[in-house]
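Student: I should like to learn how to read a strand and a ligand site in a model. May we work through an example together?

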Amino acid sequence: MSKLAIIGGTGLAHLSNLTIINKQMIHTPYGAVSAPLITGELCSESVVFLARHGHGHTIPPHKINYQANIWALKSLGVEQIIAVAAVGGITAKMSPKTIVIPDQLIDYTYGREHTFYSDDFSPDRHIDFTHPYNTRLRKAMISASSAANCNIVDSGVYAATQGPRLETAAEINKLERDGCDIVGMTGMPEAALARELEMDYATCAVIANWGAGRCNDNITMEEIERNLVDGMQSVRDLIEKTLPLVL
Ligand code: HPA
């Protein structure tokens, strides 16, 4: 049985059905984690939960200490991570409230501490990242989606942008030309850091809004919050049905 963590993003600061056993603020060589790591039971399965943006959503995407978060999970013996993320939809199928299990990503972020291998480098530390998301975890979420009654899209390219501002309409058009389907601000370097520490990692993305310029109106936080209420309920259902398949 390999230990599993759920990293919650915007709209998922806690798991309502999680019975909390223990909360730990872990000190890491990379600094402070976003929030205490919560160990608990979800549907009789043991899981660890971490709120990526901290409690009260006070840490912006470019200030999240991704190194500390991933290192801390590893130090607790976590071997697999389901990362929940709110995103914008770019291509036609990616409408608000849909859940997407991306299979690829493109990294547009900059200035973030993005590797554990800055010092003490050796040639074997060029990690393979051809397939950034773990296939076993992705397949488990895809198979669980019918039992969870979720409307999911089972693949897509995630664009990781810097934030915290949303994109311009021209940037969204460029992302589409690059082959991206969804856009979010926290997917990298989280996925690569997990790979560096040999943890299985997959993303469950919830579409909060159409990307900039993809509908007539400006994007509002009210719209994002409204869509995430429904979207995150589907994510909770999906995770609960996924756990028995991966634990
Ligand atoms: N762009 C980037 N990140 C996001 C968006 C978006 O439109 N919506 C939610 N997270």
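Tutor: We shall take one strand first and then the ligand. Please keep in mind that this is a predicted model.

Student: On strand E11, which residues lie on each side, and are they buried or exposed?

Tutor: A residue is called buried when its relative accessible area is under 20%. In E11, residues 157–160, Val157 and Ala159 lie on one side and Tyr158 and Ala160 on the other, and all are buried. Both faces of the strand are thus covered.

Student: How many bridges join E11 to strand E9, and how many join E11 to strand E12?

Tutor: Two strands pair if at least two bridges are found between them. Four bridges join E11 to E9 (residues 104–107), and these two strands run parallel. E12 (residues 182–184) is also parallel to E11, with three bridges. Ala159 illustrates both pairings: its bridge partner in E9 is Ile106, while Val183 stands opposite in E12.

Student: What do E11, helix H3 and E12 make?

Tutor: Together with H3 (residues 169–178), the two strands form a β-α-β unit that is right-handed.

Student: Which residues surround the ligand?

Tutor: Val183 is one of them, and the others include Gly184, Met185, Leu166, Val87 and Gly88. Ala86, Glu167 and Asn209 also belong to the surroundings.

Student: Where are polar atoms found beside a nitrogen atom of the ligand?

Tutor: A polar contact requires a pair of N or O atoms within 3.5 Å. A polar backbone atom of Ala86 is 3.3 Å from a ligand nitrogen. For Glu167, a polar side-chain atom lies 2.7 Å from a nitrogen atom of the ligand. An N or O atom in the side chain of Asn209 is likewise 2.7 Å from a ligand nitrogen. The protein buries 93% of the 260 Å² that the ligand exposes when taken alone.

Key: Residues are numbered from 1 along each chain as its sequence is written. This is a predicted model: local features need pLDDT of at least 70, side-chain atom pairs count only at pLDDT 80 or more; totals for chains, interfaces and linings use all residues. Side-chain values use heavy atoms; hydrogens and water are left out. Buried means under 20% relative accessible area, exposed over 50%, partly exposed in between (1.4 Å probe, protein chains only). A crossover is right-handed if, with the strands pointing away from the viewer, the path from the first strand over the helix to the second runs clockwise. A residue is near a molecule or strand if one of its heavy atoms lies within 4 Å of it. A polar contact is a pair of N or O atoms within 3.5 Å; within protein, one must be able to donate a hydrogen and the other to accept it, and residues adjacent in sequence count only if both atoms are side-chain atoms. Accessible areas come from the Shrake-Rupley method with a 1.4 Å probe; for residues, only the protein chains shown count as cover.
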